[in-house]
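Trainee: Can we go through this one together? I'd like the fold first.

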Amino acid sequence: MATLDQCRAALDRLAQNLSSADGGVRSAAALDRSLSCRITDLDVTFLGRLANGSIQDVTHVPGPPPDKAEIRLAMAGDDLVALVDGRLNFAKAWGTGRVKLEAGLRDLLRLRTLL
C-alpha cells in the first residue's frame, strides 16, 4: 500500500509533468478548475487547483473532500503511483472501476487528452 508521502510525491510528479508538457496536453491542462483526489485506502483527500497547465496549491485533508471539486478523482494509493509512473493505463483502470473520475461533460472531453 502506498504511503501518504508516496501519493504526495506522485501528485508532485504529475504537476511537474503537466507544467513541462506541450501541444495538446498543455492545452488540455489549461483549465481553471478545483480538483480533488481521494485516496480510498488511506482515507485522505488531496485538494488543489488545475490552472495554468499545472496542479497548484495541493493540500490534503483526512476523509472525504469537504467540498465538491469541479474535477474529482478517487482511487487507491498504489493506483495513483502506478498511473503517474506509467505502469497503469488510465482508460483501462477507469473502465474497470479502479479509478473513478467525475467532472462536467466539457471538462471530461478536454481531459481525455491528458488521460
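Mentor: We'll take the source, then the fold, then burial and surface.

Mentor: This is a predicted model, where local features need pLDDT of at least 70, side-chain atom pairs count only at pLDDT 80 or more, and totals for chains, interfaces and linings use all residues. Residues are numbered from 1 along each chain as its sequence is written, and side-chain values use heavy atoms, leaving out hydrogens and water.

Trainee: How many helices and strands are in the protein chain?

Mentor: Five helices and five strands. Both are DSSP runs, numbered from the N terminus: helices are H or I with at least four residues, strands are E with at least two. Along the sequence the pattern is α-α-β-β-β-β-α-α-β-α.

Trainee: What order do the strands take in the sheet?

Mentor: S3-S2-S1-S4-S5, in an open sheet with mixed pairing. Two strands pair if DSSP finds at least two bridges between them.

Trainee: Which strands are at the edges?

Mentor: S3 (54-62) and S5 (100-103), each pairing on one side only.

Trainee: How do S2 and S3 run?

Mentor: Antiparallel, with seven bridges joining S2 (residues 44-51) to S3. Thr 45 faces Val 61 of S3.

Trainee: New topic. What share of the residues is buried?

Mentor: 42% of the 115 residues in the protein chain. Buried means under 20% relative accessible area (1.4 Å probe, protein chains only).

Trainee: And how much area does the chain expose?

Mentor: About 6500 Å², with carbon and sulfur atoms supplying 52% of it. Accessible areas come from the Shrake-Rupley method with a 1.4 Å probe; for residues, only the protein chains shown count as cover.

Definitions and conventions: Buried < 20%, exposed > 50% of the residue type's maximum accessible area, 1.4 Å probe, protein only.
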